[in-house]
Amino acid sequence: MSFEGKRLVVVGGGSGIARRIAADADAAGAEVILAGRNPARIDVPGIRAAFADLGDESSLKALAAEAGELDYLVSLAGAPANGPVTELEREAVTRAFDAKVIGPLMLAKHFAPRLRDGGAIALFSGVAAWRPAPGRTVMATTNGAVAFLAQALAVDLAPIRVVAISPGIVDSGAWDRLGAGKDDFFRRTAETNPARRVGAAADVATATLQALANPFVTGTVLHVDGGGRLA
């Protein structure tokens, strides 16, 4: 894929997947802005860092103004609110919806007028929407909402294309919190996934850039989960 002459904004700069998307797009010739709540921690060589807080619409409006005209927008931030429903805090639930649903909706509001012909938006869902589990009600709901948001925006913003990307279990750094238990978790995941492996950040980055570049893909969910939703 060539992204020569294209401008791409990626929101969610703290994610390993976001950094890989930014790096791969840069290598393919794109001008990339990688935005997050802590720009000082965005350390991808050659990538311009910027501030964005999906819970603060004014910051998204400012980011759109800073970016100017662009070709592609990706939003993949998340703020999980996991735990039993009976123990959920409203503030945590609100942050989760800001990150996955309300924030991306506001991004579309401010960025859509700046997208050039052939422009596209990719919003990140996740396998939890198709495989809900105890303690993951908010995660399943927000990820499911992203799938429907992508459909609605694809119609509302046409001919701007909008797709949802749904990763499965990916070794992107997010699971490092498991410490010594990570390897065992990945092994068990690989044993049940039809693909018989866990994902890599490169798998998701490649799929995302392909979806953005394909002029006949819109209003759909691209599952990059090794078949995990079927396991």
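Two strands pair if DSSP finds at least two bridges between them. Helices (H or I, at least four residues) and strands (E, at least two) are DSSP runs, numbered from the N terminus. This is a predicted model, in which local features need pLDDT of at least 70 and side-chain atom pairs count only at pLDDT 80 or more, while totals for chains, interfaces and linings use all residues. Residues are numbered from 1 along each chain as its sequence is written, and side-chain values use heavy atoms, with hydrogens and water left out.

**Stop 1: the sheet**

Start by selecting β1 and β2, which pair in the parallel sense over five bridges. Show V9 and you will find I33 of β2 standing opposite. Now colour strand β2, residues 31-36: five of its six residues are buried (under 20% relative accessible area; exposed means over 50%, partly exposed in between, with a 1.4 Å probe and protein chains only).

Next, widen the view to the open sheet, whose seven strands run in the order β3-β2-β1-β4-β5-β6-β9 with parallel pairing. Its edge strands, β3 and β9 (220-224), each pair on one side only. From one strand to the next, the twist averages 20 degrees. (Axes are lines fitted to C-alpha atoms, for helices over the stretch in contact, and angles run from 0 to 180 degrees between N-to-C directions.)

Over at β9, select its partner β6 (residues 161-167); five bridges join the two in the parallel sense. Here S166 stands opposite H223 of β9.

**Stop 2: helices on the sheet**

Select helix α6 (residues 201-213), which packs on the sheet and touches β1, β4, β5 (115-124), β6 and β9; contact means heavy atoms within 4.5 Å. The direction of α6 makes about 165 degrees with that of β6.

Then move to α2, which lies across β1, β2 and β3 and runs at about 150 degrees to β3. Within α2 (residues 57-67), pick S59. S59 is buried, at 7% relative accessible area. Leaving aside residues up to four places away in sequence, S59 touches F51, A52 and D53.

Just before this helix, in the loop between β3 (48-51) and α2, click on G55. G55 is exposed, at 51%. Try a distance label from G55 to R95: their C-alpha atoms are separated by 7.0 Å, although the residues are 40 apart along the chain.

**Stop 3: two helices side by side**

Select α3 (residues 90-111) and α4 (residues 137-156), whose axes come within 9 Å and cross at roughly 10 degrees. That makes α3 roughly parallel to α4 (angles under 35 degrees count as roughly parallel, over 145 as roughly antiparallel, 65 to 115 as roughly perpendicular and the rest as oblique). Among the residues making the contact are F97 and L105 of α3, and V146 and L149 of α4.

**Stop 4: aromatic rings**

Finally, look for the three aromatic pairs. (Rings of Phe, Tyr and Trp, its six-membered ring, pair if their centres lie within 6.5 Å; planes under 30 degrees apart count as stacked, over 60 as edge-to-face and the rest as tilted.) F3 and Y72 make an edge-to-face pair, 5.5 Å centre to centre with 70 degrees between the planes. This pair links the segment before β1 (7-11) with strand β4 (residues 70-75), 69 residues apart. F3 is buried at 1%, and Y72 is buried at 6%.

End with W175 and F185, a tilted pair with ring centres 4.7 Å apart and planes at 40 degrees. W175 is partly exposed at 21%, whereas F185 is buried at 18%. Add F186 to your selection to show the cluster that ring pairs form from W175, F185 and F186.
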